[in-house]
Amino acid sequence: MSSQTAVIDGYVAGTWTIDTVHSDVSFYVRHLGVSKVRGHFAAFEGTIVTAEDPLESTVNAVIKTASVSTNNETRDGHVRSADFLDVENFPEMTFRSTGIRPQTAELFEVDGELTLHGVTKQVTLKLELNGFGKGFDGNAVAGFSAATEISRGDFGVTGGAAGAAVSDKIKIALEIEAGVAQA
C-alpha cells in the first residue's frame, strides 16, 4: 500500500498546527492496583505534515511537563518532583515520528521517538484518522485520536518511595484537532 490518498475520504495534504484549545493530551495510571488516576497536560504544541502519500506524513510535538494536572495540587506537586517528571531538569517531553504503517483506511500505527526524563525510546501510537473538514472561519481542520502505553521505568521514572503504589504502565490518550498552518 504505497499510497492511500484515493481511499482516505476527504484527505488533505498540508502542514497543520495543533489547536491546543480543542485538543487533549491525557494519561492514566493504576494506583494501588485497584483504581485509575487520570491526568492531562495543559501546555503542548506540535506540527503535523500530511504528505501527498499519507505514509510519508510526519508529526513533531512538545509537551511542557510542569503543566501536568491530576486535579489534586498535592499529587501534582509530587508528580512534578524529582520522584517522577523532575520538571526542573526535564521541562519538556517530545515526540518525533519516524514512520507510519497502515492498518485500514482510517487506522494507522505511527512509530516514533518519545523523549521523557532525558531518555529517548521508540513508541508506537495507534492512530485513528478522524477526518478533515472546515472550521468556523472556513479554514481546513483535521482530527486525530491516538493512544499508546509506556513503561515509566523504561524512562528512568522511579516514583521514589511512592513508586510502589503506582503501576509502571502508563496509558496515554491523545485527542488532536489541528488547523492548517498559516504562513
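This passage describes the overall fold, one strand and its partners, the nonpolar core and a few individual residues of a predicted model.

The secondary structure of the protein consists of one helix and eleven strands, and these elements follow one another along the sequence in the pattern β-β-β-β-β-β-α-β-β-β-β-β. The radius of gyration is 17 Å, close to the 16 Å that the globule rule gives for 183 residues, so the protein is as compact as a globular protein of that length. Taken along the principal axes, the C-alpha atoms fill a box of roughly 55 × 35 × 30 Å. Of the 183 residues, 42% count as buried, and the protein exposes about 9700 Å², of which carbon and sulfur atoms supply 54%. Among the contacts with a separation of 6 or more, 56% are accounted for by residues 24 or more positions apart.

An unreviewed UniProt entry lists residues 15-179 as "domain: Lipid/polyisoprenoid-binding YceI-like". Over residues 15-179 the chain is 5% helix and 59% strand, and the C-alpha atoms at the two ends of this stretch are 8 Å apart.

Strand β4, which covers residues 44-50, shows an alternating arrangement of side chains. Phe44, Gly46, Ile48 and Thr50 point to one face and are buried, whereas Glu45, Thr47 and Val49 point to the other face and are not buried. In a regular strand the side chains alternate between the two faces of the sheet. Strand β4 runs antiparallel to strand β1 (residues 14-18), to which four bridges join it, and Thr17 has Thr47 of β4 as its bridge partner. Six bridges join β4 to strand β5 (residues 58-64), and these two strands likewise run antiparallel; here the bridge partner of Phe44 is Ile63 in β5.

The largest nonpolar core comprises 44 residues, of which Phe41, Ile48 and Ile150 touch the most other members. Strand β11 (residues 166-180) gives the most to this core, with six residues. In soluble globular proteins, nonpolar side chains tend to be buried together. Ile48, named above for its place in the core, is also one of the buried residues of β4. When neighbours within four places in sequence are left aside, Phe41 is in contact with Val25, Phe27, Ile63, Lys64, Thr65, Ser67, Val68, Leu85 and Met93; one of these, Ile63, is the residue of β5 that is bridged to Phe44.

Leu129 is found in strand β9, which spans residues 119-134. Its relative accessibility is 9%, and because buried means under 20%, Leu129 counts as buried. Beyond its neighbours within four places in sequence, Leu129 is in contact with Ile8, Glu106, Phe108, Gly143 and Phe144. Leu129 and Thr58 are 71 residues apart in sequence, and their C-alpha atoms are 14 Å apart in space.

Two loop residues have a positive phi although they are not glycines, namely Leu32 at about 55° and Asp86 at about 50°. Leu32 is found in the loop between β2 (24-31) and β3 (35-41), and with a relative accessibility of 56% Leu32 counts as exposed, because the cut-off for that class is over 50%. Asp86 lies in the loop between α1 (73-80) and β7 (92-102), where, at 13% relative accessibility, Asp86 counts as buried.

Methods:
Residues numbered from 1 in each chain as written. Predicted model: local features only at pLDDT ≥ 70, side-chain atom pairs only at ≥ 80, totals over all residues. Heavy atoms only, no water. UniProt positions renumbered as here; feature names shortened; annotations may be inferred. Buried < 20%, exposed > 50% of the residue type's maximum accessible area, 1.4 Å probe, protein only. Pairing = 2+ DSSP bridges. Rg over C-alpha atoms; globule rule 2.2 N^0.38 Å. Contact = heavy atoms within 4.5 Å. Areas by Shrake-Rupley, 256 points an atom, 1.4 Å probe, with all protein chains shown as cover. Core = buried A, V, L, I, M, F, W, Y, C linked by side-chain atoms within 4.5 Å.
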